[in-house]
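Q: Please take a close look at the part where the chains touch, and then follow the helices and strands from there. I would like a connected account that gives the cut-off behind each term.

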Amino acid sequence: MGVWIMAGITFREAARKKILWTALLAGAAFLLVFGIGLHFQVGDFRNSAVPPFLRYQVISAMLMIGLYTVDLLAVVMTTLTSVDTISGEITSGTIHAIATKPLARWQILVGKWLGFVAMAAVYVALMFWGAIAEGYWIGGVMAQHPVRGSLLVFLECIVALSVTFMFGTWFSTLTSGVITLGLLGVAFLGGWLEQMSGFTEGSRLAMVGIISSLVMPSEAIWRRAAFEMESPLSGSLQFSPFADISIPSIAMIVYASVYLLIALAIAVYHFGERDL
Amino acid sequence: MRDLTLTVRRGEIFGFLGPNGAGKSTSIKMLLGLAKPTSGEAFVLDAPSGDVEVRRRIGFLPENFRFYEWLTPAELLHLHGRLCGVPASKLSQRIPALIDLVGLTPHIDKRLQNFSKGMLQRIGLAQALVHEPEVIFLDEPTSGLDPLGRRTVRDIIRAQRDRGATVFLNSHLLSEIEITCDQVVFIREGQVVTSRDMRAQQEEAVRVEVRARKLSPECVSGLSRWSDSVQVDEERLTLTTRSREPLPDILRFLVGSGAEVYQFTPQRLSLEELFISVMGEDRGF
């Protein structure tokens, strides 16, 4: 019961943060620009001699770039809205009134985590399916497995959330935010290095990418999502930057799921042990 | 903290005093399970400190109470009541009465972001009482309150004791402690220095101020059998006794010695005087 009360109040608290509304506004602006871009591209194709097959591949590639933007926005928004929920409330003393109620520490932390999970779910649902809908209605293209893709983007958000919680039980808001965003940056770079390694079959570059993905598997989850959503043809023809040159395996998704559970478990343990 | 041993009786208002850095807030945090002692043990309501279930019977007002600013007072109390396991039906009756008790009815529609520090303390006190706890820890409850607010808090604390609750009060305001508490303990550097039972007035040292004429030297020297400290300034005589017990004998002795007594005023040593005498020089209190 206490977990759900905490989840509810955390969701309401998160929904009042300016950063969430800024992210939603940024998302709305993105959807607007994306829709206009698709509209113009479709109009230009109508008056050109580009064959229909190529038109479809170009619009599909645009959709993938749009979904990648959604992915980045969702992960950054999840990190920034949740970064002060533990460390900030410890610093301000707000946590004292909660932690002295008949709730175990794990219930407080897991309740807060669930509140942000719900918020990330709403954000991903709005943004991801908004982009998918625009691709379909304006561009006439549909992702191969959009449900799998949206679930993987959601998983990526939850990984970032759990890591943010873990550092939030140790460090100040600013420090834990910088560390989490730094790890996301490492994953971003590593993911692209691994993708590049596919062109030359360079094992050393691939190894750097794999190690980066093990340290922070967020970008690997996206590349798996991209593989699931791209049509097999456009993936193999390398029309989009996310073409299936180096595809993270299902084992990497299992690893990411275990990774987030371990990060959450460490957060629960340390929050339970530390002085407030 | 080191070698801190305390016993608080049920149903009393217990004052916890000490200079800055003495360990008052740390002690409360350990009793509530917010901080873990490196050694030793503490029990609240016969349960080890920090026990989750026993917290249903404990209320706590932290120093400088803060909470989510977008809540109204009723929403805040509802949330804390639900966290304590109070049924929603009971809360709907209890919350308006609590808001009225702490004097926030005129501000019932405001959000906490528009509250002053004193108003936050009041709603913080209300959340500590929302589940009618058996033990209430109050860390500087009158901080930021005006004199009327302090009086309200004092009345609420007494009312809680009257319904059988135990109140553990940590405050800098010695005058508040003096008129509210049943027992006080002074700590310094994590150790109990002394304690005082505020109800046992007969046992406390008393200073007597006397105004009288015809105070003979024999009369003044004769007072030494009751007092080590006798000072005379013309018609003013001041002496200190260890208790109130000998006061009638002293008065009879003065009159019997031929002194014309106009005033005989026993005064209890104030808590502030006691605090200063116990703590010594100012170390930042």
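**From the contact into each chain**

A: The contact takes 18 residues from chain A and 24 residues from chain B, where two residues are in contact if their C-beta atoms, placed from the backbone, lie within 7 Å. On the side of chain A that touches chain B, helix 1 (2–15) and helix 5 (94–99) of chain A each supply at least two residues; helices (H or I, at least four residues) and strands (E, at least two) are DSSP runs, numbered from the N terminus. By class, this side of chain A has eight nonpolar, six polar and four charged residues, with Ala, Val, Leu, Ile, Met, Phe, Trp, Tyr, Cys and Pro counted as nonpolar, Asp, Glu, Lys and Arg as charged, and the others, Gly among them, as polar. The model is predicted: local features need pLDDT of at least 70 and side-chain atom pairs count only at pLDDT 80 or more, while totals for chains, interfaces and linings use all residues. Residues are numbered from 1 along each chain as its sequence is written, and chains are lettered from A and ligands numbered from 1 in the order in which they are written.

Helix 1 of chain A leads into the packing of chain A. The axes of helix 1 and helix 6 of chain A come within 7 Å and cross at roughly 45°, axes being lines fitted to C-alpha atoms, for helices over the stretch in contact, and angles running from 0 to 180 degrees between N-to-C directions. That makes helix 1 of chain A oblique to helix 6 of chain A (angles under 35 degrees count as roughly parallel, over 145 as roughly antiparallel, 65 to 115 as roughly perpendicular and the rest as oblique). Their crossing is right-handed, meaning that the near helix is turned clockwise from the far one by less than a right angle, whereas an anticlockwise turn would make it left-handed. Among the residues in this contact are W4(A), M6(A) and F11(A) of helix 1 and I108(A), L114(A) and F116(A) of helix 6 of chain A. By class, the contact of these two helices of chain A has 14 nonpolar, six polar and one charged residues.

Helix 6 (residues 105–139) of chain A also packs with helix 3 (residues 52–82) of chain A, at an angle of about 165° and with their axes 10 Å apart. That makes helix 3 of chain A roughly antiparallel to helix 6 of chain A, and their crossing is right-handed. In this contact, residues of helix 3 including I59(A), L63(A) and M77(A) meet residues of helix 6 including F116(A), Y123(A) and F128(A). The contact residues divide into 16 nonpolar, six polar and no charged. Elsewhere in chain A, helix 7 (residues 146–168) and helix 10 (residues 218–229) pack at an angle of about 175°, with their axes 8 Å apart, and are therefore roughly antiparallel to each other.

In chain B, the domain assignment gives domain 1 (13–197) and domain 2 (205–268), with bounds that come from an automatic or database domain assignment. The C-alpha centres of these two domains of chain B lie 44 Å apart. An open sheet of six strands in chain B has the order 4-5-6-1-7-8, with mixed pairing; two strands pair if DSSP finds at least two bridges between them. Its edge strands are strand 4 (58–61) and strand 8 of chain B, each pairing on one side only. Four bridges join strand 4 of chain B to strand 5 (residues 135–139) of chain B, which run parallel. At the other edge, strand 7 (residues 183–188) and strand 8 (residues 191–197) of chain B pair in the antiparallel sense over six bridges. These two strands of chain B form a hairpin with two residues between them, and E189(B) in the turn has a positive phi of about 50°. Helix 5 (residues 147–162) of chain B lies across strand 1, strand 5 and strand 6 of chain B, running at about 150° to strand 6 of chain B.

A further open sheet in chain B has four strands in the order 10-11-9-12, with antiparallel pairing. Strand 10 (229–233) and strand 12 (260–268) of chain B stand at its edges, each with a single partner strand, so one side of each is left without a neighbour in the sheet. The twist averages 15° from one strand to the next. Strand 10 and strand 11 (residues 236–241) of chain B pair in the antiparallel sense over five bridges, and V232(B) has L237(B) in strand 11 of chain B as its bridge partner. Helix 8 (residues 247–256) of chain B lies across strand 9 (206–213) and strand 12 of chain B, running at about 160° to strand 12 of chain B.
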